[in-house]
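The following account leads through the structure shown below, moving from its strands to its helices and then to the contacts between side chains.

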Amino acid sequence: MLVSLEKLYLYNLLLVKIKEFKYNKTKKRIKNTIEKTEVIYIVDKTTKSGLSDRLWGSVSCFIICKKNNIDYKISWTYPFDLTEFLVPNKYNWEVKSNQIDENKIVYIRNNHNNSIQEKILKRIIRENNITKVYGVGHLNRNEFGFYYNYLFKPSPLLEESVNKCLKEINCKYISITFRFQQLLGDFKEIGKSIKDKDKKQKILEISKKIISDLYENNKYNQILVTSDSTTFLDYIKDLDYVYVIPGNIIHMGFSDDKSLENHLKSFIDFYMIANADTVYFVKTNLTYHSTFAYTAAKVYNKPYKIIEAKY
C-alpha cells in the first residue's frame, strides 16, 4: 500500500509494519493476533535531505514510537551504514535488511509538511489500536537532545576523531557556522553562484569580520569555524584564534560519494559544534538558513544564537 504525497518534496521513507485483528462471525474479537507495531525509519538512495534533517527525522519518529510502546528500528544504509559513525546507546535500533518483510509494509512518503506527516502516521497507528502520537519531522524540539542521546552514541571511529580535535583545541571554545551552498562556487548544489570576483571577495571579507567581531566580544581563545565552503575556510583558517577541522566537504543530499573519510568530516563537525560552549549561526540575505548547527546545539542543549548580516 503506497500513501502518496504528490507534489511534496521527498525526504525519507517510513516503513510501518501492519498486522490485523481477527474477528468471529458476530464481530466480537476472539483473539488478538496483533504483534507489536514496528516502525522502521529508512534512509536509502531515495533520501535527498542533509544530515541534520535525517537525524531529526529518526529522533522525532522514535519519540512517537517510544511514547506509544511501538518497536522502532533504523535502516540507514546509504551512502554509508550509520553504524560507521553512530551506534545504539540505550536502545537497540539496528535492523538487518533480511528482517524487513516487504510484503507487510506500508510506505509513507515523508516530507517538509509536518501536519500531513503527522496525520498519516496517526491514521495508520490508530488503525492498529494506537491512540496517541506526537508528530514526525522537526517536532519535539525540546526533547531532541534527550532522545538523541538515548538512541545514539559515537562509534569508536567517530569518538577517537572528535577527541583528537578536542585535544588540539585544548580549551573551552565557541563555534560559528556559515552555510554558503554554491554561492562561492565550491561545488554544485542548490542556490545561486556569485560570478563577480569583487562581490565574492566582499562576501569573504564581511564573513571574516563577523568572526573577528565575535572573537573581540567574547572571552574565548578559540573559535571553531565550520562551513560548507572550502574557499571560505581557506580564507580564514590562518587566524590564530580560529580552529578549522581538516577534510573534504560534501553534502550527502547532493552527492553519491560513499567515502567514509569524507562523511566522517560531517560527523566530526557536528560533534565539535555540539561540544562548543555557545553555538552561533550566520544568517544573511544570500545564504541558506541551515539547521545543521542548531541540531548540533540541541544534542547537549547548548545555547544557540543567530548572527544576522547582509552581503
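The model is a predicted one. Helix 4 offers a starting point, and it is followed by Asn 170, a residue with a positive phi, near 60°. The helix itself covers residues 156-169, 14 residues in total. From the first C-alpha to the last it reaches 20 Å, close to the 20 Å expected at 1.5 Å a residue. Five residues of helix 4 are named as buried: Leu 158, Ser 161, Val 162, Cys 165 and Ile 169. Viewed down the helix axis, these buried residues fall within an arc of 95°, so they line one face of helix 4. The face turned away from that buried side carries the exposed residues Pro 156, Glu 160, Lys 164 and Lys 167.

What covers the buried residues of helix 4 comes from several parts of the chain. The covering elements include strand 7 (86-88), strand 9 (152-154), strand 10 (173-178), strand 11 (222-227) and strand 12 (242-243). Helix 7 (260-274) is also among them.

Strands 10, 11 and 12 belong to an open sheet of five strands, in which the order is 12-11-10-13-14 and the pairing is parallel. At its edges are strand 12 and strand 14 (304-309), each of which pairs on one side only. Strand 14 pairs with strand 13 (residues 279-284) in the parallel sense, over six bridges. Within this pair, Tyr 280 stands opposite Lys 305 of strand 14. Helix 5 packs on the sheet and touches strand 10, strand 11, strand 12, strand 13 and strand 14. The direction of helix 5 makes about 160° with that of strand 10.

One residue of strand 10 deserves attention in its own right. Ser 175 has its place in that strand, and it counts as buried because its relative accessibility is 0%, where the limit is under 20%. Leaving aside neighbours within four places in sequence, Ser 175 is in contact with Leu 224, Ile 273, Ala 276, Thr 278, Val 279 and Tyr 280. Among these partners is Tyr 280, the residue that stands opposite Lys 305.

A further pair of strands is formed by strand 5 (residues 38-43) and strand 6 (residues 71-76), which run parallel and are joined by six bridges. Here Glu 38 stands opposite Asp 71 in strand 6. Strand 5 is mostly covered, with six of its six residues buried. In a regular strand the side chains alternate between the two faces of the sheet. In strand 5, Glu 38, Ile 40 and Ile 42 point one way, whereas Val 39, Tyr 41 and Val 43 point the other way, and all are buried.

Beyond strand 6, the chain enters the loop that leads to strand 7, and Thr 83 has its place in this loop between the two strands. With a relative accessibility of 24%, Thr 83 counts as partly exposed. Leaving aside its neighbours within four places in sequence, Thr 83 is in contact with Trp 93, Glu 94 and Ser 155. Thr 83 and Glu 94 are eleven residues apart along the chain, and 8.5 Å separates their C-alpha atoms.

The charged side chains remain to be considered. Side chains of opposite charge can pair when their charged atoms come close. How many salt bridges does the structure hold? There are five salt bridges. In one of these, the side chains of Arg 179 and Asp 228 meet at 2.4 Å, N to O. Arg 179 lies in the loop between strand 10 and helix 5 (197-216), and Asp 228 in the loop between strand 11 and helix 6 (230-236), so the pair ties together parts that are 49 residues apart in sequence. Both Arg 179 and Asp 228 are buried.

Two other salt bridges lie within helices. In helix 5, Asp 213 and Lys 209 are four residues apart and therefore separated by about one helical turn. Their side chains meet at 2.9 Å, N to O. Asp 213 is partly exposed, at a relative accessible area of 28%, and Lys 209 is likewise partly exposed, at 49% relative accessibility. In helix 7, Asp 269 and Lys 265 are also four residues apart, about one helical turn, and their side chains form a salt bridge at 2.9 Å, N to O. Asp 269 and Lys 265 are both buried.

How values were computed. Residues are numbered from 1 along each chain as its sequence is written. This is a predicted model: local features need pLDDT of at least 70, side-chain atom pairs count only at pLDDT 80 or more; totals for chains, interfaces and linings use all residues. Side-chain values use heavy atoms; hydrogens and water are left out. The expected span of a helix is 1.5 Å times one less than its number of residues. Buried means under 20% relative accessible area, exposed over 50%, partly exposed in between (1.4 Å probe, protein chains only). The arc is that of the directions from the helix axis to the C-beta atoms. Contact means heavy atoms within 4.5 Å. Two strands pair if DSSP finds at least two bridges between them. A salt bridge is a side-chain nitrogen of Lys or Arg within 4 Å of a carboxyl oxygen of Asp or Glu. Axes are lines fitted to C-alpha atoms, for helices over the stretch in contact, and angles run from 0 to 180 degrees between N-to-C directions.
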